[in-house]
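Colleague: I would like a close look at one helix and its packing partners. Please take the contacts one by one, then move outward to the rest of the model.

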Amino acid sequence: MKAVSLKVNIAAMTGLQIATYIIPFVTLPYLTRVLGVDEWGKIAFAQVVVQFLTILVDYAFSWSATRDVAVARDSKSQYSSIFWSTFFAQLLLLGISFIIVAALGAFVNWESIDAQYLLVASISLVGQLLFPQWLLQGLENLKALAVIQVASRCVLILPVFILVSGPQDAKLALFIQSVSGVIAGIFTFAYFYKKKIVIWVKPSFSSVYQVLRQGTSLFLSKVWIALYTNCVPFLLGVVAGHEAVGFYKLAERFRTAAQSLLRPFAAAIFPRMSHLQNSNEAEAGKLLKISLMLVIGIGGSASLSLFLLSEYLVLLLAGEAFLAAVPVLEILSIVPLVVGISNVLGTQVMIAKGKVQPFNRIILSGAILALLVVYPFCYYFGANGAALTTLSAEFLVTILMFIYIKKSNYI
């Protein structure tokens, strides 16, 4: 399958990031004021718990399957086989995830979370299965998927304003947020069928096992990353309560939105880089330099803007009740630049070159640091301590990646 222009894919990925991170800001000022700090915190904590299961369903296929499809993109039968084997592997993981959700709801008694919130938030896991972004990313053909994602999320903006009127509607607000991915997934598969993007290739048990086995190392990387990303707000909720999680997650939304400015370039360049590493290393080196310059320029601007505008953004989009999120956002404002650099070094260099084991060790180092400091930081500094934990781990990961790549003469 012929690859689409890199510029078109960057534009498409920008659309995807808008749908995922920017569009929710349309409803954010309304929801924070209508639901209040308490209910907003409950929603945030439920989403943190489900995010762990999202990692299980994804199983790092966003890296491993994207890379495999990019290498096999000239043969529809080969990449179709990869698609169906990966899809059924994810279906199996989705079933395991729902068993875990049911067990948590039935047997775990957390003061910080309502089991009903957890069950509603878990609907988003179905959307994770039905939206195989990794396939179109590997094929470098994301234009239609971007349109589907943007449209599905825009359609659900109006129901939020019509149906959610107070704290008693918190679960409904969570349901609307969770179901958007499912709607996008249904339309995605309809698009696959209409355009014949893939052909049916019956997956065998061995092929499903194979994609799971091949993705294990990268899945462990995702787990280590989760230890210093998702574990931080989770343990913050356990130590300081769901209101502290609400402040942290609000600040993190701004940080994630700023960071999303870099994702279109990273997501579009990664499959091209994976392909070039197997065919033209000189061109891969040129593309890497461009990627680094983009990340430093855009990431640096995003981080500086976030720091300078932190109080204004919180007051504008959340109100005075969330002022405690301002210092949290000031700390997290540095993260987009740091993560942007580490993504280039880790994904576009180490993973693209197949250096998964050293990549894993570096990510694990960041996770260990986070686990060592998260409890005392959150206990003494609350949401600010959670932000400091995240920043410390990201700094360590970036520095270690740079040292490894420098010693290996990859740049």
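Modeller: A helix axis here is a line fitted to C-alpha atoms over the stretch in contact, and angles run from 0 to 180 degrees between N-to-C directions. The model is predicted. The part to look at is helix α12, residues 216-229.

Start with its partner α20, residues 356-381. The two axes come within 8 Å. They cross at roughly 20°. Angles under 35 degrees count as roughly parallel. α12 and α20 are therefore roughly parallel to each other. Their crossing is left-handed.

Now the residues. On the α12 side, the contact uses Ser217, Leu218, Leu220, Ser221, Trp224, Ile225, Leu227 and Tyr228. On the α20 side, it uses Val356, Gln357, Phe359, Asn360, Ile363, Leu364, Gly366, Ala367, Ala370 and Leu371. Sorted by class, the contact of α12 with α20 has 13 nonpolar residues and five polar ones. It has no charged residues.

The next partner is α13, residues 231-240. The axes of α12 and α13 come within 4 Å and cross at roughly 40°. That makes α12 oblique to α13. From α12, the contact draws on Ala226, Leu227, Tyr228 and Thr229. From α13, it draws on Cys231, Val232 and Pro233. Six of these residues are nonpolar and one is polar, with no charged residue in the contact of α12 with α13. Leu227 and Tyr228 appear in the α20 contact, and they appear in the α13 contact too.

One more contact starts from α12's own stretch of sequence. Phe219 is touched by Leu56, a residue of helix α2, which spans residues 24-58. Leu56 also touches Leu93, Ile96, Ser97 and Ile100, leaving out residues up to four places away in sequence. At a relative accessible area of 17%, Leu56 is buried, because buried means under 20%. Between the C-alpha atoms of Leu56 and Gln133 there are 16 Å, and the two are 77 residues apart along the chain.

Follow that path to Ser97. This serine lies in helix α4, residues 76-107. Ser97 is buried, with a relative accessible area of 0%. Beyond residues up to four places away in sequence, Ser97 touches Leu53, Leu56, Val57 and Leu125.

Between α2 and α4 in the numbering comes helix α3, residues 61-71. Eight of its 11 residues are buried, so α3 is largely enclosed by the rest of the structure. The buried set is Phe61, Trp63, Ser64, Ala65, Thr66, Arg67, Val69 and Ala70.

Further along the chain, Val326 sits in helix α18, residues 325-332. It counts as buried at 8% relative accessibility. Setting aside neighbours within four places in sequence, Val326 is in contact with Ser310, Glu311 and Val314. Val326 and Leu250 are 76 residues apart in sequence, with 9.5 Å from C-alpha to C-alpha.

Last, the cysteines. The structure holds zero disulfides. Cys378 counts as buried, at 2% relative accessibility. Cys154 is partly exposed, with a relative accessible area of 38%.

Key. Residues numbered from 1 in each chain as written. Predicted model: local features only at pLDDT ≥ 70, side-chain atom pairs only at ≥ 80, totals over all residues. Heavy atoms only, no water. Helix = DSSP H or I, 4+ residues; strand = E, 2+ residues; numbered from the N terminus. Parallel < 35°, antiparallel > 145°, perpendicular 65-115°, else oblique. Left-handed = near helix turned anticlockwise from the far one by under 90°. Contact = heavy atoms within 4.5 Å. Nonpolar A, V, L, I, M, F, W, Y, C, P; charged D, E, K, R; others polar. Buried < 20%, exposed > 50% of the residue type's maximum accessible area, 1.4 Å probe, protein only. Disulfide = S-S within 2.5 Å.
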